[in-house]
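I opened this notebook to keep track of what I looked up, one item at a time. The entries follow the order in which I checked things.

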Amino acid sequence: MALDVGKALKSKTLVVGVLSMSLLMSASNAVSGTIPAMKEAFSDYSTANVELLTTVPTIGSMVGTALTGLFANAIGRKKIAMAGFLISAVTGVIPAFFPYYWPILISRMFFGFGSALFVTLSVSYITDLYDGDMQRKLLGWRQAVGNLGDVVLLFVASLLITINWQSTYLIFFLLFVPMVLVGMFIPKEFDNFSIRSALVDDEGHVVDKSASQKQTTNWQVLWLAFIFLVVSMLYNVMSIKLASYVVDEGIGSASLATLIFSFLVVATILSGVLFDKVAKVTKRLTVTISEVVIGICFIATALTKNVPLMFALVLIAGFAWGIINPALTARFVDYSPAHSMNLTTSIVIIGINIGCLISPYFFALTASIFGNSSAGFAIIVGGALYFVMVVIELITLKVDKKLTV
């Protein structure tokens, strides 16, 4: 029986399937609380190399992202997404059973490869299947759902880390949940579907010319990828330094640090849901205002040892990040050449991955330049540089008058 495309696009189960791809899109951050314990376990390695274990998935992710953009139309989005969940689930739990530096490093790289396969498609499914208000709403919900998954992972991680740091990696078994939802609720007929170019023949089969079109890019997509690279690199300072800051300054344990970091994620759930409404008020200044808020909160966080205040600052920063991400993602549609959304998404996500990958080394460089290697100083630097991004964003808005968000 042929798929009723119009009915399927209005289906709530399709929305569940599409959004489930984002449920654990930042799963790797859930193990950031293990850094202090791994520093002790791998004392023969430098701090930057130990922190690399939490960011090295970005290397595999860049490879996976490039392959997704290259083969999504040929192989089919659903098969690629399912393979991604399976690879990430299997390799994600390896550190729990082989707690040695090199097995962890290699398995984390493959974890990133698998994650890239479904994270890349979590954007293109939304931008290709929906348009208008529904598209903007789902981009916000994508952020909210992703961070809801992060909260669950971080909560479970905060419990598992009390056993030992290796046990924390068992949380990646949860990747089988979205794998099942995608398999059940996303029809394979939408593998190469784009609402802007697809047609349905007399027999009800989807005919999409975009599958045979050569994908291209432009300088605007590359610029957007660069912006994502920088803001992700700066934001990542919290995932690699917050736990160390809390422990080193005697504020609390690694478990408390993981709980505080979870508040950074909790706030993005609310902002993701409210993104559409917030963007209608802040309009072209949406990204600018959010960057100012994050900069202030990061600096203030590194200057306080008061736990309740730290929780509040982290909440506000997380809310602002939950606005920036979908706001910049919404520009995919404005910038992407026709029939090239998979490639556009791949390019931008590669930029994000590079930002996350170089983050520990960037902050190691700033520590060397300024002669201050404390975790608190790194967070302050990250916050201060967000104000540089404010200037860049204002210039971008002046050059591109068409941007509405």
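The entries below cover two helix pairs, some aromatic rings and a few single residues.

**Entry 1: the model**

I noted before anything else that this is a predicted model.

**Entry 2: helices α6 and α10**

I started with helix α6, which covers residues 77-92, and helix α10, which covers residues 176-185. I found their axes 9 Å apart, with a packing angle of about 165 degrees. That makes the two helices, α6 and α10, roughly antiparallel, since an angle over 145 degrees counts as such. I also wrote down that α6 and α10 cross in a left-handed way.

I then looked up which residues meet. On the α6 side I listed Lys 78, Met 82, Phe 85, Leu 86 and Ala 89. Facing them from α10 are Phe 176, Pro 178, Met 179, Val 182 and Gly 183. I sorted the residues of this contact between α6 and α10 into 8 nonpolar, 1 polar and 1 charged.

**Entry 3: Ser 115**

I moved to Ser 115, which sits in helix α8, residues 101-129. Is Ser 115 buried or exposed? Its relative accessibility is 12%, so I entered Ser 115 as buried. Setting aside residues up to four places away in sequence, I found Ser 115 touching Gly 84 and Ser 88. I also checked Ser 115 against Gly 64: they are 51 residues apart in sequence, and their C-alpha atoms are 7.8 Å apart in space.

**Entry 4: aromatic rings**

I described each ring pair by two values, because a pair of aromatic rings is described by the distance of the centres and the angle of the planes. The count came to 16 aromatic pairs. I wrote out two of these in full.

For Phe 42 and Tyr 45, I have ring centres 6.4 Å apart and planes at 85 degrees, so I recorded this pair as edge-to-face. Phe 42 is buried, at 8% relative accessibility. Tyr 45 is partly exposed, at 31%.

For Tyr 235 and Trp 321, I have ring centres 4.2 Å apart and planes at 10 degrees, so this pair is stacked. Where in the chain do Tyr 235 and Trp 321 lie? I placed Tyr 235 in helix α11, residues 219-235, and Trp 321 in helix α15, residues 307-329. The two are 86 residues apart, and the pair links distant parts of the chain. Tyr 235 is buried, with a relative accessible area of 12%. Trp 321 is buried too, at 9% relative accessibility.

I went back to Phe 42 and Tyr 45 and found that both belong to a cluster linked by ring pairs. The other members I listed are Tyr 101, Trp 102, Phe 111, Trp 165, Tyr 169 and Phe 172.

**Entry 5: Lys 283**

I looked up Lys 283 for its backbone. Most residues other than glycine have a negative phi. The phi of Lys 283 is positive, near 50 degrees. I located Lys 283 in the loop between α13 (254-282) and α14 (286-301). Its relative accessible area is 52%, so Lys 283 counts as exposed.

**Entry 6: Thr 304**

I found Thr 304 in the loop between α14 and α15. Is Thr 304 buried or exposed? I entered Thr 304 as buried, at 8% relative accessibility. What does Thr 304 touch, not counting residues up to four places away in sequence? I listed Tyr 245, Ile 251, Leu 309, Met 310 and Leu 313.

**Entry 7: helices α17 and α18**

My last pair was helix α17, residues 341-370, and helix α18, residues 375-399. Their axes are 10 Å apart and they pack at an angle of about 105 degrees. I therefore noted α17 and α18 as roughly perpendicular to each other.

From α17, I listed Phe 362, Phe 363, Thr 366 and Phe 370 in the contact. From α18, the residues are Phe 377, Ala 378, Val 381, Gly 382 and Leu 385. I sorted the residues where α17 meets α18 into 7 nonpolar, 2 polar and no charged.

I followed Thr 366 of α17 a little further. Thr 366 is buried, with a relative accessible area of 7%. Leaving out neighbours within four places in sequence, I found Thr 366 in contact with Phe 377 and Val 381. For Thr 366 and Ile 395, I wrote down 29 residues in sequence and 26 Å in space, C-alpha to C-alpha.

Key. Residues are numbered from 1 along each chain as its sequence is written. This is a predicted model: local features need pLDDT of at least 70, side-chain atom pairs count only at pLDDT 80 or more; totals for chains, interfaces and linings use all residues. Side-chain values use heavy atoms; hydrogens and water are left out. Axes are lines fitted to C-alpha atoms, for helices over the stretch in contact, and angles run from 0 to 180 degrees between N-to-C directions. Helices (H or I, at least four residues) and strands (E, at least two) are DSSP runs, numbered from the N terminus. Angles under 35 degrees count as roughly parallel, over 145 as roughly antiparallel, 65 to 115 as roughly perpendicular and the rest as oblique. A crossing is left-handed if the near helix is turned anticlockwise from the far one by less than a right angle, and right-handed if clockwise. Contact means heavy atoms within 4.5 Å. Ala, Val, Leu, Ile, Met, Phe, Trp, Tyr, Cys and Pro count as nonpolar, Asp, Glu, Lys and Arg as charged, and the others, Gly among them, as polar. Rings of Phe, Tyr and Trp (its six-membered ring) pair if their centres lie within 6.5 Å; planes under 30 degrees apart count as stacked, over 60 as edge-to-face and the rest as tilted. Buried means under 20% relative accessible area, exposed over 50%, partly exposed in between (1.4 Å probe, protein chains only).
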